[in-house]
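The following exercises concern a single protein chain. Please study the sequence and the structure, attempt each task, and then read the worked solution.

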Amino acid sequence: MALQAATQKMVAEFDYPASDVNKGVKEFLREMDEGLGETGTTMSQIPTYVTAVPNGKEKGLYLAVDLGGTNFRVCSIMLKGDTTFSLVQSKVAIPKELMVAKTSQELFSFLAKQIELFLEKHHNDHFEATVRRRRTASASEGYKDQEYFQLGFTFSFPVQQVGINKGYLIRWTKGFDIKDTVGKDVCSLLQDEINALQLPVKVAALVNDTVGTLMARSYTSPNRTSTLLGAIFGTGTNGAYVEKLDQVKKLSIGESSKDYDQTTGDMIINTEWGSFDNHLSALPNTPYDDALDKESNNPGIQMFEKRISGMFLGEILRRALLVLANNTEAAFCSDVDSSKNDIRSTASIGPNSTLYKQWGLDTSFLSVVVGDTTPTLKIVRQALEKDLDIDAASYEDAVTVKALAYAVGRRAARLSAVAIGAIVLKSHRLETDDVIDVGVDGSLVEYYPNFEEMIREALREIPEIGPMGERKIQIGIAKDGSGVGAALIAWSAAQRYSGSSDESNEAETPSDPTNPASNANVDTVADPNRRPSLGQKIKHSFRRSISGLLGKNDNEASPST
């Protein structure tokens, strides 16, 4: 009984009632407005200069590259104009010495080389030799923009973005440390090395993966519904949404580019909501949250993320279980097993258990535990033995672990509803739209049992939304924001550069539907030691109509959606 009482008390600490949800929504709305009006606010509300979202009719072949960590990915995406696409990609590891190179040129020339190798392998038959291409550049008519591949550059490091394809590196993270790059425009650095190789590629857009999630969802959304919000609930958490342009007051401040399409009246905003309520005026705070924050690498910031994202939920649960384990009266994992045990023995925690190690418990453990529906919670007890070296855990122990895992996850879902609900309310779409589309990605929404339903439960508790409004909110998975989403942002930028009002953009990008490598989900690895031959081999047929070529797609694999 002592363990049951201790468990109930601890579960109650993670309760996040309707009153707190609504308090959180009000504070979230306040910080959104604050961030739209000035820089240096708790929630950054970063303008992306992307002013249109796709509707599924877009067509064309685009490139996307993703530098998000220790790998570099190059993709080409064929948008088919019917909410489907096909994709081919390559991925290569970044050599460790380039992550700490002395100059920017060393890293970015390597990235440009991977683009060259990708084009040579997958689009060789549809380009003229680039040497020949450069000869036309000096002609009086110059070289037309539509004869370039438009490229979306996903760069997952802190940047100050001042235009759709312009952003200055603030600092490196994830093991990179090239001092020469800090303060420089990363799009220009990549474009310079692309130009040095004479590649027909234009860096059209600097992409945040959350913005890409919104774009990817809007393209593939059922019934071609315009997506309001793209959100990631995975290792980290963030959201990007469509805001009215006249609400983004800080666009008139500082170096912000004026070269963006103002005719749509909208702009996608990257909220960076992980830092919401760093001052803890509305967020819940338990002793486990407090200890986690103090021992983290960035105490006092990203307080919202530290209560929601997969990077932290396992650690919150570990700290709660450790408190129980140290409570001798509760007798967690230390009493004689109950009659429901498979064998009679005394439960024990191994001396080298990861229960005693910071970050020793992965958030995937929570999904496994909460999903156990066996009568004796056999899966929970097996997970305790496998992941925490807890031997012969009793049924009562397993009940405790499952209850706490559920409480931690439920709180995270209800906090997630604060962000979604606030953005839905700010959009005023409940008053005008039958369907409000939200695209989500990440391991929590995909794998944590009933995470979406727990979000919806909290949304219904917001009076301005209620049960009727909650039913209008359509939540769907959006995959590959850094690939497909980046390509769609390149599409958006291309419309601005070309001045075209044709949403399908059929004749303005190179097309390659006859290339067998264009089938969806092909994964090839570029060889960094391969000798370049693009200047002699790559040919183009830029002026061929994509609409005509799309009829030759009969032999393609089923498109990704």
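**Exercise 1.** How much space lies in the largest cavity? State also which residues line the largest cavity and to which classes they belong.

*Solution.* The model is predicted.
Step 1. The largest cavity holds about 40 Å³ of space.
Step 2. A count of cavities of 30 Å³ or more gives 1.
Step 3. The lining consists of Thr48, Val50, Gln161, Leu206, Val207, Asn208, Val211 and Ile489.
Step 4. Sorted by class, this lining has 5 nonpolar residues, 3 polar residues and no charged residues.

**Exercise 2.** Describe the make-up of the protein chain as a whole.

*Solution.* Step 1. The secondary structure comprises 19 helices and 16 strands.
Step 2. Of the 561 residues in the protein chain, 57% are buried.
Step 3. Among contacts with a separation of 6 or more, 75% join residues that are 24 or more positions apart.
Step 4. The exposed surface of the protein chain amounts to about 22,900 Å², of which carbon and sulfur atoms supply 49%.

**Exercise 3.** Which residues of helix α8 are buried, and why do they line one face of the helix?

*Solution.* Step 1. Helix α8 spans residues 287-294, and its buried residues are Tyr288, Asp289, Leu292 and Asp293.
Step 2. When the helix is viewed down its axis, the buried residues of α8 fall within an arc of 130°, and therefore they line one face.
Step 3. The face turned away from the buried side of α8 carries Pro287 and Lys294, which are exposed.
Step 4. The cover over the buried residues of α8 includes α1 (2-13), α9 (305-308), α10 (310-325) and α13 (395-427).

**Exercise 4.** Is leucine 377 buried or exposed? Examine aspartate 389 in the same manner.

*Solution.* Step 1. Leucine 377 belongs to the loop between α11 (364-370) and α12 (378-388).
Step 2. A residue is buried when its relative accessible area is under 20%; leucine 377, at 8%, therefore counts as buried.
Step 3. Aspartate 389 lies in the loop between α12 and β13 (390-391).
Step 4. With a relative accessible area of 38%, aspartate 389 is partly exposed.
Step 5. Phi is positive, near 55°, for leucine 377, and phi of aspartate 389 is likewise near 55°. Neither residue is glycine.

**Exercise 5.** Where is asparagine 55 found?

*Solution.* Step 1. Asparagine 55 sits in the loop between β1 (46-47) and β2 (59-67).
Step 2. Its relative accessible area is 22%, so asparagine 55 is partly exposed.
Step 3. Asparagine 55 and serine 218 are 163 residues apart along the chain, and their C-alpha atoms are separated by 6.0 Å.

Key. Residues are numbered from 1 along each chain as its sequence is written. This is a predicted model: local features need pLDDT of at least 70, side-chain atom pairs count only at pLDDT 80 or more; totals for chains, interfaces and linings use all residues. Side-chain values use heavy atoms; hydrogens and water are left out. Helices (H or I, at least four residues) and strands (E, at least two) are DSSP runs, numbered from the N terminus. Buried means under 20% relative accessible area, exposed over 50%, partly exposed in between (1.4 Å probe, protein chains only). Contact means heavy atoms within 4.5 Å. Accessible areas come from the Shrake-Rupley method with a 1.4 Å probe; for residues, only the protein chains shown count as cover. On a 1 Å grid over the protein atoms alone, a cavity is a set of points where a 1.4 Å probe fits but cannot get out, and a pocket is an open set with protein on both sides within 12 Å along at least five of seven lines; lining residues have an atom within 4 Å of a point. Grid points are joined across faces, edges and corners, and a volume is the space filled by probe spheres set on the points. Ala, Val, Leu, Ile, Met, Phe, Trp, Tyr, Cys and Pro count as nonpolar, Asp, Glu, Lys and Arg as charged, and the others, Gly among them, as polar. The arc is that of the directions from the helix axis to the C-beta atoms.
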